[in-house]
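Visitor: Please take me through one part of this structure in detail. I would like a close look at the second largest cavity, and then a word on the cysteines.

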Amino acid sequence: MHMNHFKVTSMLLMMTAMSLVSCGADNHSLSDSTSDSGVESSSSSVVSTSIDEPSASTSTSTSTSTSASPSTSTSSADYYAPISDSLSGSSLSTALHNLTLSKHTFYCTYGDIRYQFGSSDADPNVKGNAIYFYSRASQTSTWDSQKLIFNREHVWPQSLSGGLYSDVNNSYKGAGSDLHHIRPEYTGVNGNRGNTTFGEITGSFSYLSGEVTTQTKISGSVIEVQDAIKGDVARILLYLYLHYYSGFGNTNTYTSSSFTLNRVVSAGSLDNAIALMIKWNKLDPVDSLEEARNTYVSSYQGNKNPFIDHPEYACRIWGNTNSATQALCA
């Protein structure tokens, strides 16, 4: 059962309006998808098995800083006004790629990200908590470099970025610090995820774990997230691919010709990787938390994730890629 959309969105918009303090960055360098090192387990976490109704945690720590940006919120209708309903295939991907580049006006640093999760990933039921990505735990959103309860998770790992963001530190800007991309997660869970690719596991597996045991399967170098966040993963990866792969249209400092989806999706080919992400996009529809997050992030950095506002764009762009996508999009 979904949360009240108005309640969640209103709360995050209020947080955006209150974001008046700019955050600084320290010189704490990070490496690959394990990000920061050091683990301190929290004994007060409660794991939620549903993205829609996260359980309340006994932890009530509050975030101490939220970064303000020059971006402003734009209504969905106005934002997508340049995108004609008649567009499809490569014409639509080019139009959305160019729109995303033009709307992404504030590239925050990786250091800035530390202080955003209390707004971007806020648990609407527990003040000061964020919902961690794989574990679905409601836990503190307060960044403390001395007690690294959570990390900044690259859903698309750094080592699989084709060199686009292979060396990320707190002053870095780009795909590796895009708030639509980076999610909070327990330090140990994040570290154990490592640079595994996304796929479907049919043989033996264990569950991704750390401070808690998640519902994400892991086997060798592949993980399969629980159904409740398969759509979230698909829409994050499709967004990153559309935004930062230079082959779709205009280019800038942050785009690359080597940033292809099959680097992070284990499906045998680019076409099959696209098919799997379309499958996950349809399996797990957008929910109110994802919508509220998209609203907050767009107010922070200027651009939206089009696959959250319009999940159907995936089929309109790639529906004729192969027989699998044709069947999924029929």
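Guide: Two helices, α7 (230–244) and α9 (288–301), each supply at least two residues of the lining of the second largest cavity in this predicted model. The full lining is made up of H180, R183, D232, R235, I236, E290, R293, N294, N305 and I308. Going by the residue ranges of the helices, D232, R235 and I236 fall within α7, while E290, R293 and N294 fall within α9. Sorted by class, the lining has 5 charged, 3 polar and 2 nonpolar residues. The charged ones are R183, D232, R235, E290 and R293, and the nonpolar ones are I236 and I308. H180, N294 and N305 count as polar. The space enclosed here comes to about 80 Å³. In the whole structure there are 3 cavities of 30 Å³ or more.

Now the cysteines. The structure has 1 disulfide, formed by C315 and C329, with 2.0 Å between their sulfur atoms. The link of C315 and C329 is left-handed, at -80 degrees about the S-S bond. C315 belongs to helix α11 (residues 313–318) and C329 to the segment after α12 (323–328), so the pair ties together parts 14 residues apart in sequence. C329 counts as partly exposed because its relative accessibility is 23%, and the buried class ends at under 20%. C108, by contrast, has a relative accessible area of 2% and is therefore buried.

Methods. Residues are numbered from 1 along each chain as its sequence is written. This is a predicted model: local features need pLDDT of at least 70, side-chain atom pairs count only at pLDDT 80 or more; totals for chains, interfaces and linings use all residues. Side-chain values use heavy atoms; hydrogens and water are left out. On a 1 Å grid over the protein atoms alone, a cavity is a set of points where a 1.4 Å probe fits but cannot get out, and a pocket is an open set with protein on both sides within 12 Å along at least five of seven lines; lining residues have an atom within 4 Å of a point. Grid points are joined across faces, edges and corners, and a volume is the space filled by probe spheres set on the points. Helices (H or I, at least four residues) and strands (E, at least two) are DSSP runs, numbered from the N terminus. A disulfide is a pair of cysteine sulfur atoms within 2.5 Å. Buried means under 20% relative accessible area, exposed over 50%, partly exposed in between (1.4 Å probe, protein chains only).
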